[in-house]
Amino acid sequence: MNKTITINAYQVQVTHTPDVCVVGGGAAGISAAIAASRIGKKVLLIEKYGFCGGATVAGLSGTICGLFNSGNVTREQIVFGFAEEFYSNLRSNKGVVEPVAFGKTWLVPHDGLVWKELADKLLQNEGIEVLYHTNFLNAITNDSGHIETLLVKSFEGQFAIQPKVVIDASGDAEVIHGIQGETFMGADGVVQTPTMIFKMGNVAMDAFFKTSPQEINQKVVKADEEGSFCLPRHHVYAFPLPNKNEVLCNMTRITYPDGSTPLGTSSKDMTYAEMAGRKQAREYANFLIDRIPAFKDAYLVDTGAQVGIRQTRSIVGHHQLMNREVLDATKSKSAVSHSAWPIEAHGAGELKIAYLENDHYDIPFETLLPKVGKNIVVAGRCMSAEHEALASARVTAQCFGMGYASGAAASLLINERMDSQQLKGEDVLYYMKQHKLKNSYER
Ligand SMILES: Cc1cc2nc3c(=O)[nH]c(=O)nc-3n(C[C@H](O)[C@H](O)[C@H](O)COP(=O)(O)OP(=O)(O)OC[C@H]3O[C@@H](n4cnc5c(N)ncnc54)[C@H](O)[C@@H]3O)c2cc1C
């Protein structure tokens, strides 16, 4: 019989008492859950959609960025650990294509369905309990700041989870926000713009591979300037996908007519962004069919299940990754991941890309450690980072690395009866080693 507690005068059943509850099943949440489980913890992962993948799958971001070096160099993989485990599993399931050049680095386009299937399988193999269609609503702390209860809503109604430790992998710092922890949005509230990503089918691939990105960009500019199509973003990306004749199109840029950016933390803004995003995706698809010969017989397969949101709340952490640290390739003793991904900042009027030259920077564990809370760590996109630093660090390979370290940190908190505020990154790394969890820069 489940215990019942009273929240705001309502009786709510406590249905789960895991060691670790992971909120969110994106790249960061999956790796966090798997790391904690591999150290022997009872893990529950909750996710509002009916599948894992978050921005990568629901938002159709569709490529793993951040695995490789950058600069005038030959390609070399520099990020391993759980990112490599997931990547190699995708490879064996024919879920990726060969790495594709992106400016001075490379990325790996992948298939969304294989990604979802693989996440299901890895989580099930670990014996992790997964609750899809379950929304985190709020967190309730006791007088000493310890999170005792997570109030969630599923198809069955509202219920309570009482975990020993929470990992906020919601991308939006939902749990930190719920406990009134300090967060901030972008540069003085200005965040990166959303993009509705879409897929084109029946593309003539031989012709596609002969079409340079510059040629597509030049034709976008011409078509937009002559008024034949309304194409607000001029620097667009198109990548081949594992499914025959399919191309992933990261082309749209969603702003309000006054140039302001819809926020991923507002249903009103999100509704606008979804509707405007689908309309814009159709416009770019029509342009491709009309103006790029490889797309002459192509069709718009679908858009993401949701508009892609690059940035919402960032936590105020024990360490904030600064723009300079990225540009200066700063190293850290408590690195949870290397990264050579450029600062790729999608603004309302422009796309700014700053590459690292033959070097990488480190993401310190302390960027995942909020300044509030006794039994919580974060993972992934809601890390503590300055606006432009986040425009580099937020990509999939690094989110895998952050999640894996957060899962280990959650276990360390339980095993050593520690408080989050006492955690040290170097201890987390040592603990990972003791438990044979590969850090993301160990092959
Ligand atoms: C348009 C766009 C293009 C991009 N392109 C690339 C690219 O090409 N390559 C690349 O590597 N990266 C790319 N990125 C970045 C990358 O996809 C994300 O930053 C990364 O996937 C974030 O992972 P995450 O696990 O931190 O968060 P998310 O992927 O956002 O996962 C968070 C999860 O939490 C769930 N969640 C949120 N709130 C709740 C709640 N209240 N209750 C329950 N569940 C909740 C969400 O549904 C989601 O599944 C792109 C992002 C965007 C938006």
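Select Thr56 and the ligand together: in this predicted model, a polar side-chain atom of Thr56 lies 3.1 Å from an oxygen atom of the ligand. Next, add Ala27 to the selection. Here the partner is the backbone, with an N or O atom of Ala27 placed 3.2 Å from an oxygen atom of the ligand. Then turn to Phe136, where a backbone N or O atom lies 2.9 Å from a nitrogen atom of the ligand. With these polar pairs displayed, switch on a surface for the ligand. On its own the ligand has 1000 Å² of accessible area, and the protein covers 96% of that area.

Expand the selection to the surroundings of the ligand. Which residues come nearest? Of the 35 residues around the ligand, the nearest are Glu47, Ala55, Thr63, Arg394 and Thr396.

Now colour the protein chain by domain. Domain 1 is assembled from the segments 3-60, 110-186, 313-345 and 358-434, while domain 2 is assigned to 198-303. Place a marker at the C-alpha centre of each domain; the separation between the centres of domain 1 and domain 2 is 32 Å. To display the contact itself, select six residues from domain 1 and 11 residues from domain 2.

How much area do the two domains bury between them? For domain 1 and domain 2 the value is about 660 Å², with 63% of it on carbon and sulfur atoms. On the domain 1 side, pick Leu60, Asp111 and Met185: these residues lose the most area to domain 2, and together they account for 62% of what that side buries. Colouring the domain 1 side of the contact by residue class gives two nonpolar, one polar and three charged residues.

Finally, inspect the interface for specific pairings. How many salt bridges does the rule find across the interface of domain 1 and domain 2? The number is zero, although three charged residues belong to the side of domain 1 that touches domain 2. Polar contacts are present, however: two residue pairs are counted between domain 1 and domain 2, both at pLDDT 80 or more.

Technical notes: Residues numbered from 1 in each chain as written. Predicted model: local features only at pLDDT ≥ 70, side-chain atom pairs only at ≥ 80, totals over all residues. Heavy atoms only, no water. Domains from an automatic or database assignment. Contact = heavy atoms within 4.5 Å. Buried area = accessible area lost by both parts, 1.4 Å probe. Salt bridge = Lys/Arg side-chain N within 4 Å of Asp/Glu carboxyl O. Polar contact = N/O pair within 3.5 Å; in protein donor to acceptor, adjacent residues only side chain to side chain. Nonpolar A, V, L, I, M, F, W, Y, C, P; charged D, E, K, R; others polar. Near = heavy atom within 4 Å. Areas by Shrake-Rupley, 256 points an atom, 1.4 Å probe, with all protein chains shown as cover.
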